[in-house]
Amino acid sequence: MNDRKETSDSLKTRQGRKDFLYNIIFESDTPEGKAFDIVLMVCILVSVIIAIFGSTFTAEWLKKTVFFLEYFFTVFFTLEYILRIYCSRNPKGYVLSLFGIIDLLSILPMYLGFFLPQIQYAIIFRCLRLVRVFRVLKLFSFLTEGNVLIQAILASWKKIAVFFMFVVLLVICLGTLMFMVEGNHEGTMFDNLPNSLYWAVVTLSTVGYGDITPVTTMGRFLSAIIMLLGYTILAVPSGIISAAFIRGTGRPVNKRCSNCGRSSHDKDARYCKYCGTRFEDDVDHMD
C-alpha cells in the first residue's frame with residue numbers, strides 16, 4: 001500500500017510539474033508565461049542580430065564573444081524545445097506542428113555546423129520564431145486575414161501553374177530566338193543555348209542584370225520587345241490572386257432574413273444588413 005501511495009504521489013508531483021511548466025511555456029495569460037515569452041522574444045532577437053553582424057567582426061575577442069553567445073542561445077533554445085516536448089499535452093502534435101518544426105530548425109544549424117560549417121548561418125531562420133509575438137500580444141485574430149489570402153492562392157494554383165508553364169515555354173522560345181540572332185557574332189555572350197535561356201529569364205522578369213547584352217540591332221530590338229512583354233506578364237498572377245481574394249471575401253451566400261425576407265448577405269454576416277435582425281443560426285450558435 002505504501003508503495004502504491006508513493007507511486008501515486010510521484011505521479012501527481014510529476015503531473016503538477018508538467019502543468020506548472022506548461023502554464024509558463026505555452027500560456028501567455030499568466031504573469032510568468034508573459035514574462036517567459038518576452039524573455040524568449042528578446043533572446044531570439046538578440047541571437048538574430050548577432051548572426052547578422054557577427055560575420056563582419058574582425059577583432060579576435062569579438063569573434064570569441066559571438067561564438068560563445070551563439071552556442072549559449074543554442075543551448076537555451078535546445079532546453080526550451082525539450083521542455084516544450086516534455087510538458088506538452090500532445091508532444092507528437094507539437095513536434096509536427098508549424099511552431100514545433102520552426103523551433104527545431106532554429107537549433108539544428110549550430111549542431112550541423114560541426115560537419116558543414118557554412119550551414120550554421122542558417123540560424124538566421126530563428127527570426128521566424130518571432131511569429132509568437134502574435135500570441136503574446138493576442139493578435140492572432142489578425143492572422144485570419146492571412147488565411148483568406150492563403151485560401152485565395154490555393155484556389156488559384158491551377159491557373160497559376162498553367163501560366164507558369166506558359167512562361168517557361170515562352171522563355172525557351174525567346175532564348176532560342178536570341179541565340180539564333182546573336183550566336184554567330186564574334187565576342188557575343190550568347191555562345192550557347194543555356195546562356196541565352198538565362199538571359200531570357202532575366203530580361204522577361206524585368207530584372208536586367210546586364211551581364212549578358214545583345215550587340216546587334218535585331219538583338220536589341222528583340223530585347224526591347226521582351227522587356228515590354230515582361231511588364232505585361234508580371235501583372236497576370238497578381239490579377240488571378242486578386243480576383244480569387246475578392247471572391248473569397250465578398251461572395252454572398254443564400255442567407256435569408258426571417259424578418260424582412262431579403263437575402264444576398266455576406267458569408268460571415270450575423271445581422272441583416274437591411275433591417276438589423278440577428279440571423280437565427282447565430283442565435284442558436286450563441287445558445
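**Helices in a predicted model**

User: How do you know that helix H8 (residues 157–182) has the span it should?

Analyst: Happy to set it out! The expected span is 1.5 Å times one less than the number of residues. For the 26 residues of H8 that gives 38 Å, and the end C-alpha atoms are 36 Å apart, which agrees. This is a predicted model, in which local features need pLDDT of at least 70, side-chain atom pairs count only at pLDDT 80 or more, and totals for chains, interfaces and linings use all residues. Residues are numbered from 1 along each chain as its sequence is written, and side-chain values use heavy atoms, without hydrogens and water.

User: What makes a run a helix or a strand here?

Analyst: Helices are DSSP runs of H or I with at least four residues, strands are runs of E with at least two, and both are numbered from the N terminus. On that basis the protein chain has eleven helices and two strands.

User: Which residues of H8 are called buried?

Analyst: Buried means under 20% relative accessible area, with a 1.4 Å probe and protein chains only. In H8 that label goes to Phe163, Val167, Leu170, Val171, Leu174, Gly175, Met178 and Glu182. Across the 287 residues of the protein chain, 28% count as buried.

User: What makes up the contact of H3 with H5, by class?

Analyst: Contact means heavy atoms within 4.5 Å. H3 (residues 60–87) and H5 (residues 98–112) pack at about 145°, with axes 9 Å apart; axes are lines fitted to C-alpha atoms over the stretch in contact, and angles run from 0 to 180 degrees between N-to-C directions. Tyr71 and Phe77 of H3 and Leu104 and Ile107 of H5 are among the residues making the contact.

By class, there are seven nonpolar, three polar and three charged residues. Ala, Val, Leu, Ile, Met, Phe, Trp, Tyr, Cys and Pro count as nonpolar, Asp, Glu, Lys and Arg as charged, and the others, Gly among them, as polar.

How values were computed: Buried means under 20% relative accessible area, exposed over 50%, partly exposed in between (1.4 Å probe, protein chains only).
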